[in-house]
Each structure stands twice: as C-alpha cells, then as structure tokens.
Amino acid sequence: MSNTIQYTVDTDGIATLIIDLPGKSMNVLCAELIADLSECVDKVATDKNVIGAVLTSGKAAFVAGADLTELGTAYDRGVDQVQGYEWSRQLSAVFRTMETCGKPFAVAINGLALGGGFELCLACHYRVLSDHPRAVLGLPEVSIGLIPGAGGTQRLPRLIGVEKALPVILQGKKLNPEKALELGVVHEVAPADELLQRAKDWLIKKPEPVAPWDTKGFRMPGGAGANTPKNAQTFMVGTALLAANTQHNYPAPIAAISAVYEGCITPFDTGLDIESQYFGQLVSGVTARNMMRSLFMNKGAADKLVRRPEGIEKSTVTKLGILGAGMMGAGIAYVSARAGIQVVLLDTDIEASERGKAYSEGLLNKAIKRGYSTQEKAEVLLDLIHPTTDYDDLEGCELVIEAVFESREIKAVVTAKTEAVIPASAIFASNTSTLPITGLAQASKRPESFIGLHFFSPVDKMPLVELIVGEKSSDQAIARGLDYIRQIRKTPIVVNDSPGFYTSRVFGTLTNEAMTMLAEGVNPALIENAAKMAGFPVGPLAVMDEVTLDLGYKITMQAAEDQGDDYTFASGFAVLRKFVEDLDRKGKRFGKGFYDYPEGEKKHLWPGLAELYPLSEQQPLAQEIMDRLLYRQALETARCFEEGVLDHPADADIGSIFGWGFPPWTGGTLSFIDTVGIRHFVGVCDRMARAYGPRFAVSDWLRERATQGESFYPG
Ligand code: NAD
C-alpha cells in the first residue's frame with residue numbers, strides 16, 4: 001500500500017500515479033516516496049493489463065526536489081562518501097528501472113518541478129508541461145552545494161546538448177514553459193486541465209518505451225565530450241570561468257561540469273555511476289552542509305517567521321508611514337507598495353518627498369523596459385505612494401518606519417510628532433543603522449510599541465531586514481514587525497539591542513580590518529583580491545566606497561561623543577578620518593573614495609594611496625589576509641552571541657550572508673567557526689591577537705567553549 005502515490009488503472013489499461021505526500025503542501029523526494037515509486041514502477045512493469053503509466057501530482061506544484069532535511073543533516077550524522085554515493089544510486093536506479101522496464105511512462109507536469117522532481121520528469125519517455133507561468137523546470141542543486149544526483153547531469157546533456165544543458169546545471173537557470181518547449185526539454189505544453197488527457201493520448205498510441213540514449217546508434221546533440229570544437233570551447237572556457245568565479249571555494253560546480261564531461265563520453269549507465277560518485281563526495285562534505293543549512297533550511301524557517309512570538313494574532317499592514325524620503329525611505333516605500341501597501345512618504349519639503357516617490361518610478365521604468373512589468377502595473381504601484389510633508393496624513397497607519405538622518409535629536413522630534421497622530425495601537429520602527437533602539441524609544445510615549453527595522457541598501461535588492469528588540473519592545477510589536485517583513489517578502493533576523501546591533505557591528509570589523517591593513521602598508525589591491533578569493537562579492541575598500549565613508553565616520557563620531565573618555569577608536573579609524581576630514585574622499589556617491597571613478601571608465605584604486613600608505617617591504621600571503629578578514633568577523637559574532645545580542649546561530653549566519661555578503665560556502669559567521677573547529681579557531685585568534693592586537697583577543701567564555709569542544713550548532 002502506497003502512502004504517497006495514488007495508483008489507479010483505467011479501462012484503457014493506463015495506470016495513473018498521483019504523487020501526493022500526505023500532510024505536506026509540497027511533494028519532495030523523501031525515502032517513503034522513493035520506495036513507493038519503486039513499488040508502483042514494478043506494478044506497471046509486471047501487470048499485463050497495464051499498457052503504460054502517467055505520473056502527475058496532487059499538489060499545485062509537481063515535485064519540488066529532494067527532501068533536504070535528510071540531505072542537509074548528512075554531514076552532521078557522519079554520512080560518508082560511500083553512503084552518499086549509495087543514496088544517489090538508489091534513486092537513480094528507480095528512475096532507470098522506470099525508463100527501461102518495457103512500459104512507456106509519460107508525465108503530466110502540472111506545476112514547478114525542480115531538482116529530483118525535474119530529474120524524474122527527464123526519466124519519463126514523454127513530458128507534457130502546464131502552460132502556467134509558475135510551472136518552471138530547473139536543477140538548482142549547485143546553489144546549495146550539490147549536483148543533480150538522479151541522472152540530471154546525464155539525461156539533460158544527452159537530450160539538448162552540452163552547451164544548452166550546462167547553464168541549467170551550473171547556474172540553476174530555470175526554464176519556463178516556453179523555454180522548456182523551445183529547448184526540447186518537454187514534448188508539449190498544454191493548459192493544466194488538458195495535461196492528463198494529452199499524456200494518455202500519447203500512451204494510447206502504444207509508443208516504443210525507449211529513451212533516445214537507449215536507442216542503437218544514439219548520438220548526443222552537438223557531440224559528446226570535448227570532441228567537437230564547440231564543446232571543447234564550452235568545457236575549457238566553462239572550467240576557467242568556474243574557477244575564476246568560485247575561487248575554488250565551492251566544489252559543486254566543478255563536480256557538475258566534471259560529471260557532464262566524464263559521464264557523456266561513457267555509456268549511459270556508467271555516466272549515472274560517475275554522477276553518483278561526485279554526489280557522494282559533495283553530500284558528505286561540509287560545504288554542502290553549510291549551504292543547505294543556511295541558504296535553504298534556516299532561511300526557509302526565517303521566512304516562515306520561526307522567531308515570531310507565539311499566541312499573537314497574524315497582522316497585515318494596509319497603511320504604512322515612512323519618515324524621511326531619502327535613499328532608505330524611498331527604497332522602503334517601493335518594496336512596500338510592491339506588496340500592495342498604501343504608503344505615506346513624508347519629508348521636510350515636498351520636493352524631497354516627491355523625489356522619494358520618483359525613485360519608485362525610476363525602478364518601474366527600468367522593469368518595464370526589461371519586460372518585467374507593465375505601464376498599468378506601474379501606475380497601480382505608484383498610486384499607492386503618497387508624498388507629503390503633513391503629519392496628519394499619517395493618521396490610520398498601522399506601522400510607521402522612521403528613516404530620517406542618523407541623528408538622535410531629529411529622530412526624537414519626528415517620533416513625538418508622529419505619535420501625536422497615529423493610532424495608539426500602531427507600531428513605530430526606526431531604520432537606524434547603529435543608534436540603540438532602547439535609547440531612541442525614550443523619545444516615545446509607547447516604548448513597548450517601538451522596535452528597530454534595519455533595512456539594507458539598496459532596499460529593493462537586499463533580501464534581509466534585521467529586527468531589533470529594544471529593552472521594552474513587546475512581543476506584540478515583534479510579531480507585527482515580523483508579519484510586515486513577511487508581507488514585503490524579505491527575510492528577517494531578530495537581534496537584541498546594542499550599538500550597531502549585529503550586522504552593522506560585525507560589518508564594521510570587516511572594514512576596520514581592511515583599513516588597518518592599508519595603514520600597515522599592505523598593498524590595497526592585495527586586500528581587495530584576497531577578500532574576493534575568500535568569497536566576498538567585492539573587496540572591503542570598494543564596499544566602503546559604496547556605503548560611503550561618511551556614514552562610518554559619522555557613526556564613530558556619534559559613538560565617541562556618547563561614550564566620552566571611555567571610547568576607544570578602532571585600529572583603522574585614522575584612515576577613515578583622513579579620507580573624510582582631510583581628503584574629502586567620502587566614497588562613490590561623492591565621486592571619489594578609496595577608488596577613483598572616472599566617467600565612462602572602470603573604477604580603479606586611487607593612486608594617491610601609494611603615497612599615503614607606502615607598501616611594506618614584506619607583503620603578507622593572501623591566505624593571511626583572508627584569515628584576518630574572516631576570523632575577525634567571526635570572532636565579533638561570537639562576542640554578539642556571548643553578550644546575548646544574538647540568541648540563535650541561524651540569525652548570525654543568515655544575517656551575515658544576506659546582510660553583507662559573508663561568503664556562503666562558510667555557512668555564515670558562526671558556521672565558519674564550527675567549520676574550522678572551535679579549538680582551531682581559538683588557536684588562530686590567539687596568534688592573531690599577538691600579531692595584530694587585542695581586537696583578536698578571545699574571551700574566557702569562548703575559550704571555555706573551545707576547551708569543551710562545544711560547537712555553536714548541536715553536533
Ligand atoms: P538620506 O540622507 O538619504 O535620507 C534622509 C532623509 O530624511 C532626507 O530626505 C531628509 O530630507 C529626511 N529628513 C531629515 N530630517 C527630517 C525630518 N525632520 N522630517 C522628515 N524627514 C527628514 O539618509 P539614508 O541613507 O536614507 O538613511 C536614513 C536612515 O537610515 C539613517 O538613520 C541611516 O543610518 C539608516 N540606514 C542607512 C543605510 C544606508 O546604507 N544608507 C542603511 C541602513 C540604515
């Protein structure tokens with residue numbers, strides 16, 4: 001008896017297999033489904049009354065992929081390479097039996113089919129895909145540190161050729177119905193309600209149940225291996241590009257291209273075996289664990305609001321107020337209106353408010369040009385944004401987000417003015433980068449309704465929002481803040497109050513370390529390139545130019561003023577001071593910073609750096625620079641954990657990857673410590689504290705954890 005597949009046979013002798021996992025909103029290839037599928041395939045193969053079968057799903061989507069709760073914990077459960085290989089072989093063998101059992105299998109792909117779900121389709125002899133725009137096909141395994149392990153790297157190139165298959169396998173490119181048909185990945189595209197009949201119409205013709213690669217004299221489209229000039233180029237350039245883009249931090253893309261190359265010059269079944277060997281290596285490795293855990297499982301849980309306090313009714317924002325229509329306010333207005341929320345965008349003068357709204361118009365015009373939006377949709381969105389200078393317009397807002405200048409005084413004034421108009425039940429959130437929320441809440445009459453909602457720039461692109469819990473913030477305020485973040489389809493992390501909270505504080509250690517190295521005479525190009533080698537999207541000096549040097553300077557000066565004599569300037573602050581106070585090089589927005597931005601040319605490091613900071617004779621190894629950057633941030637994160645700024649390692653990891661681009665292969669800042677091993681981590685920090693100063697000093701708390709061998713995630 002199958003629990004996950006409904007099996008019926010009609011009067012024409014066609015078996016229908018409806019995949020429908022009980023109690024789940026999505027079908028995933030879990031162990032039970034694989035066993036049930038194997039049983040159903042045997043039934044089809046051996047029942048003389050059955051002429052063929054059609055597979056489909058009982059859910060809105062077809063099959064979303066493998067069950068990552070099983071794969072994602074493989075490393076932690078000590079699954080080795082051989083066991084990983086066996087997993088892949090097992091699923092691959094079921095699909096292969098289906099393909100070669102002598103009965104034809106068609107698939108009615110009624111919605112999205114990803115990873116193993118798409119591989120299942122590829123193993124069927126005939127594929128009919130729904131014409132619904134959400135019915136996309138794809139192999140996203142590489143993005144979570146794996147490769148397709150159920151024939152995807154073998155069937156797809158044999159079906160459409162290496163050149164067209166590689167972008168799908170290596171970049172996880174999704175295929176919409178039109179593209180899937182054009183590439184020949186599916187045989188037909190049809191309206192959802194006709195899929196089953198079309199598949200049955202094909203079966204009724206009693207087709208030959210043989211895959212193209214099992215026919216005599218089969219030749220791969222475009223040729224196999226590197227034997228054709230085009231393929232030779234694809235493999236050579238592809239491998240070089242992968243090495244450049246991944247800096248060998250990610251084993252999956254290289255494994256994927258190897259599986260395609262090696263597998264396609266061998267017989268099909270050998271190819272499947274080669275694929276399984278690579279899969280086994282990856283799934284038992286730490287990089288895949290890190291990526292599955294942070295990018296998929298923990299991010300998925302955050303998106304579903306795992307940190308939301310219980311017992312509070314779900315809320316929706318219908319009218320949002322935004323104070324300050326500058327860079328951040330304008331971005332928040334756009335993402336909120338995009339979610340259908342009515343926005344009141346307030347600034348000190350109407351031109352500024354309107355400029356804030358015009359930012360949305362600019363983004364929408366770009367989207368229309370690229371075919372992602374239409375004039376009508378753009379108008380609906382723009383109609384939702386109301387620019388104003390009048391506080392009375394904020395009446396009825398369920399949530400107000402303050403994004404005025406980073407000044408405690410100005411923030412206090414606008415808080416009081418707003419609270420005079422908004423309902424007593426409304427939530428007030430500050431988008432401050434660094435000012436402690438508890439302090440800002442002193443300007444509020446309702447500190448329990450006061451939270452921090454820290455967005456990242458540019459707001460329309462950055463997926464993260466850091467929710468900061470002030471000393472008096474109520475569960476109600478946290479829950480409603482999280483509901484809003486979900487409403488605008490961003491990923492939340494929840495942190496406790498402290499200067500710089502979590503993300504700004506740790507990001508500050510990255511930029512400070514880079515400036516310290518610059519002052520020590522380390523070649524700036526080496527700093528930038530080593531950061532990229534470690535897996536950062538851009539070098540730290542370039543990042544500082546992007547966010548403006550001015551911002552870091554002002555934040556530091558404010559903190560110094562607040563703390564008076566107790567304040568210790570960070571090791572790299574002299575560099576920042578020089579650039580802002582003496583050189584007036586405040587970053588990209590001002591046309592100059594650590595880089596020059598000549599018009600129409602690529603930016604380049606400012607030549608004046610060489611004079612200001614003469615290169616030391618002995619340059620460090622790139623690895624040492626990479627380690628300084630990674631260890632410094634991880635150590636600061638551990639301190640945040642120790643101090644209770646962070647309650648959960650998942651918040652640290654998600655925040656670092658999605659907030660400021662900490663390399664995903666590490667799994668994030670705390671996963672990095674677990675990955676290198678906490679004892680080793682402490683050893684390296686001790687050495688660095690001796691070499692570079694007390695900012696690398698390890699606390700007793702962390703040392704004790706290391707002595708106990710206690711990882712941040714349960715082992
Ligand atoms: P910005 O200078 O671009 O915009 C600030 C806007 O606030 C301006 O349009 C200004 O006219 C307006 N304003 C000033 N006083 C006002 C008042 N009394 N009433 C109404 N409007 C007023 O600044 P920004 O970069 O958008 O930053 C805004 C806030 O967001 C700051 O607290 C900043 O620390 C924080 N933040 C900035 C970033 C970033 O990357 N820029 C990221 C996260 C958070």
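These notebook entries record what I looked up in this structure, which is a predicted model.

**Entry 1. Helix α20**

I began with helix α20, which spans residues 524-534. I asked which of its residues are buried. The buried ones are Pro524, Ile527, Glu528, Ala530, Ala531 and Ala534. They lie on the same side of α20, because they cover an arc of only 165° around the axis. For background I noted that an α-helix has 3.6 residues a turn, so residues three or four places apart point the same way.

I then looked up what covers the buried residues of α20. The cover includes the helices α19 (503-520), α21 (540-547), α24 (608-612) and α25 (622-643). It also includes the strands β17 (595-596) and β18 (604-605).

Next I examined the two ends of the helix. At the N-terminal end, Asn523 acts as a cap on α20. A side-chain oxygen of Asn523 lies 3.0 Å from the backbone nitrogen of Ala525. Just after α20 comes Gly535, with a positive phi of about 115°.

**Entry 2. Salt bridges**

I looked up how many salt bridges the model holds, and the count comes to 35. I followed three of the pairs and one network.

The first pair I took was Glu99 and Arg96, whose side chains meet in a salt bridge with an N to O distance of 2.5 Å. Both residues belong to helix α3 (residues 81-100). They are separated by about one helical turn, because they stand 3 residues apart in that helix. Are these two residues buried or exposed? Glu99 counts as buried, since its relative accessibility is 1%. Arg96 counts as buried too, at 11% relative accessibility. The pair also belongs to a network of salt bridges that links Arg96, Glu99, Arg155, Asp214 and Asp269.

I then turned to Lys578 and Asp582, which form a salt bridge with the closest N and O atoms 3.2 Å apart. Both lie in helix α23 (residues 573-582), 4 residues apart, which is about one turn of the helix. Lys578 is partly exposed, with a relative accessible area of 28%. Asp582 counts as exposed, at 52% relative accessibility.

The third pair was Arg705 and Glu710, where the closest N and O atoms of the salt bridge are 3.7 Å apart. Arg705 counts as buried at 12% relative accessibility, whereas Glu710 is partly exposed at 39%.

**Entry 3. Ser315**

I located Ser315 in the loop between α12 (286-303) and β9 (319-323). Ser315 counts as buried, because its relative accessibility is 17% and the limit for that class is under 20%. I asked which residues Ser315 is in contact with, leaving aside its neighbours within four places in sequence. They are Arg308, Arg480 and Asp483. With Asp483, the side chain of Ser315 makes a polar contact of 2.9 Å.

**Entry 4. Helix α9 and the loop after it**

I looked for a nonpolar patch on the surface and found one of about 310 Å². Met236, Val237 and Leu241 make this patch. Leu241 is found in helix α9 (residues 229-246). With a relative accessible area of 48%, Leu241 is partly exposed.

I continued into the loop between α9 and α10 (251-264), where Gln247 is found. Phi of Gln247 is near 50°, a positive value in a residue other than glycine. Gln247 is partly exposed, with a relative accessible area of 31%.

His248 lies in the loop between α9 and α10 as well. Although His248 is not a glycine, its phi is positive, at about 60°. His248 counts as exposed, at 62% relative accessibility.

**Entry 5. A cis peptide bond**

Last, I looked up which residues a cis peptide bond joins. The bond joins Ser457 and Pro458, and its omega is about -5°. I placed Pro458 in the loop between β14 (450-455) and β15 (464-469).

Technical notes:
Residues numbered from 1 in each chain as written. Predicted model: local features only at pLDDT ≥ 70, side-chain atom pairs only at ≥ 80, totals over all residues. Heavy atoms only, no water. Buried < 20%, exposed > 50% of the residue type's maximum accessible area, 1.4 Å probe, protein only. Arc of directions from axis to C-beta. Contact = heavy atoms within 4.5 Å. Polar contact = N/O pair within 3.5 Å; in protein donor to acceptor, adjacent residues only side chain to side chain. Patch = residues over 30% accessible without salt bridge, like charges linked within 9 Å, V, L, I, M, F, W, Y side chains within 5 Å. Areas by Shrake-Rupley, 256 points an atom, 1.4 Å probe, with all protein chains shown as cover. Salt bridge = Lys/Arg side-chain N within 4 Å of Asp/Glu carboxyl O.
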